[in-house]
Amino acid sequence: RSKEKGGNSYHYYHPDMNKRSLHRLNLEVHLRKALERGEFEIYYQPIVDLRHGSVIGMESLVRWQHPDWGMVSPTEFIPLAEETGLIIPIGNWILKQSCMQNKEWQQKGLPPLVVSVNISAIQFHQSNFVQTVMDTLQESGLAPDRLCLEITENVAMNNVPYIIETLQKLKVLGVRLSIDDFGTGYSSLSYLKRFHVHTLKIDQSFIRDISSDEDNAAIVTALIAMSRQLKIKSLAEGVETMDQLHFLIAQGCDEIQGNVFSKPIPASDFEHLIKNNKQLYVNI
Ligand code: C2E
Ligand code: MG
Ligand code: MG
Ligand code: MG
């Protein structure tokens with residue numbers, strides 16, 4: 001480490017830092033090839049309607065199966081994909097795959113399902129995003145109302161005119177919209193109605209200790225009540241226990257997603273689950 005390079009060079013030569021940037025570089029090199037090598041797979045997590053206890057849709061969650069490293073978590077590679085711009089081709093592939101899969105299940109005679117696809121802010125802010133969604137729907141033949149786009153509150157933070165215009169176009173197209181990880185970002189509540197949001201996904205951090213933490217219980221209760229007033233569906237994410245489930249049912253939550261019913265599973269397992277008509281309320 002040369003002193004004359006000044007304070008910043010310290011970071012550059014720090015052994016931990018070096019290891020980390022090497023790891024990052026290595027990950028990036030592999031991520032660039034993962035798509036063409038067919039290393040991505042979509043898992044589906046059932047979304048259950050609490051009125052009937054039946055599956056009404058699924059969230060599409062990408063998995064990266066690296067030949068040597070095994071499964072790499074999306075929380076690790078999605079941020080890198082966003083930084084490098086790789087999220088565009090990867091995200092387009094995920095969207096197309098999810099729409100085609102849902103269409104295929106429809107053609108096989110499965111009950112109507114809405115597939116929810118996570119959309120990164122980078123994707124959403126591409127000027128051709130709406131066109132990409134239109135093209136994907138056309139290519140797959142999926143009806144627009146069988147597709148839900150999940151965006152986080154932070155997408156809605158800057159460049160509001162562009163967002164309103166984009167969301168208006170998507171509304172005209174007929175696709176659904178949900179706000180993911182609700183309550184963890186920065187947002188003003190006023191946009192919920194203005195943006196024609198269909199579903200508010202209450203972040204799992206509020207659900208986790210719902211039975212023991214009074215504050216989180218109060219927040220979840222308030223969010224469910226507010227959604228109802230705004231005629232927006234409420235969905236609780238990451239529901240793991242029967243206690244949490246009973247609490248949510250008592251509060252009138254509309255939908256749940258979580259390990260209490262099923263974790264995210266490969267497409268073939270999901271199809272099996274639907275064909276066997278797995279119901280929530282037989283577990284209670
Ligand atoms: P998310 O969109 O909020 O997805 C929900 C996460 O909660 C998933 O983690 C899911 O496996 C996990 N989960 C579901 N039920 C439970 C539960 O009962 N308990 C616990 N502890 N966790 C549960 P996953 O699949 O690891 O994805 C993490 C995040 O990575 C996602 O959060 C999303 O932000 C991002 N992500 C995943 N797939 C995609 C994708 O296809 N595109 C984009 N842009 N982001 C994605
Ligand atoms: Mg999501
Ligand atoms: Mg979420
Ligand atoms: Mg999340």
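Modeller: Helices (H or I, at least four residues) and strands (E, at least two) are DSSP runs numbered from the N terminus, and on that basis Lys231 falls in the loop between α10 (214-230) and β8 (233-236). The model is predicted, so that local features need pLDDT of at least 70 and side-chain atom pairs pLDDT 80 or more, while totals for chains, interfaces and linings use all residues. Residues are numbered from 1 along each chain as written, chains are lettered from A and ligands numbered from 1 in written order, and side-chain values use heavy atoms without hydrogens or water.

Biologist: Why is Lys231 called exposed rather than buried?

Modeller: Relative accessible area decides the word (buried under 20%, exposed over 50%, partly exposed in between, with a 1.4 Å probe and protein chains only). Lys231 reaches 72%, and therefore counts as exposed.

Biologist: What is the sign of phi at Lys231, positive or negative?

Modeller: Phi of Lys231 is positive, at about 60°, although Lys231 is not a glycine. Most residues other than glycine have a negative phi. Asn277, in the segment after α12 (267-275), also has a positive phi, near 50°, and is not a glycine either.

Biologist: What makes Ser98 buried or exposed?

Modeller: The relative accessibility of Ser98, in helix α4 (residues 87-107), is 0%, and Ser98 therefore counts as buried. Setting aside residues up to four places away in sequence, Ser98 touches Ile42, Tyr44, Ser60, Val115 and Val117, where contact means heavy atoms within 4.5 Å.

Biologist: Which atom of Ile94 lies 2.6 Å from a polar atom of the side chain of Ser98?

Modeller: That atom is the backbone oxygen of Ile94. The pair counts as a polar contact because 2.6 Å meets the limit (N or O atoms within 3.5 Å; within protein, one able to donate a hydrogen and the other to accept it, and residues adjacent in sequence counting only if both atoms are side-chain atoms). In helix α10, where Thr221 is placed, the backbone oxygen of Ala217 lies 2.7 Å from a polar side-chain atom of Thr221.

Biologist: Why is Thr221 given its accessibility class?

Modeller: The value for Thr221 is 27%, so Thr221 counts as partly exposed. Beyond its neighbours within four places in sequence, Thr221 is in contact with Phe247 and Gln251, whereas the C-alpha atoms of Thr221 and Asp269 are separated by 33 Å. Asn26, in helix α2 (residues 15-34), is likewise partly exposed because its relative accessible area is 37%.

Biologist: How do you know that a class applies to Ser262, and what is that class?

Modeller: Ser262 has 8% relative accessibility and therefore counts as buried, although its place is in the loop between β9 (255-256) and β10 (265-266). Apart from neighbours within four places in sequence, Ser262 is in contact with Gln45, Pro46 and Leu273.

Biologist: Which residues come nearest to ligand 1?

Modeller: Among the 22 residues around ligand 1 (near means a heavy atom within 4 Å), Arg63, Asn118, Asp180, Glu240 and Asn259 come nearest. Ligand oxygen lies 2.8 Å from an N or O atom in the side chain of Arg63, 2.9 Å from one in the side chain of Asn118, and 2.8 Å from a polar backbone atom of Asn259. The protein covers 80% of the 800 Å² of accessible area that ligand 1 has on its own, by the Shrake-Rupley method with a 1.4 Å probe.

Biologist: Which element gives the most to the shell around ligand 1?

Modeller: That element is β2, with 4 residues; β2 (55-66), α3 (74-84) and β6 (176-182) each supply at least two.
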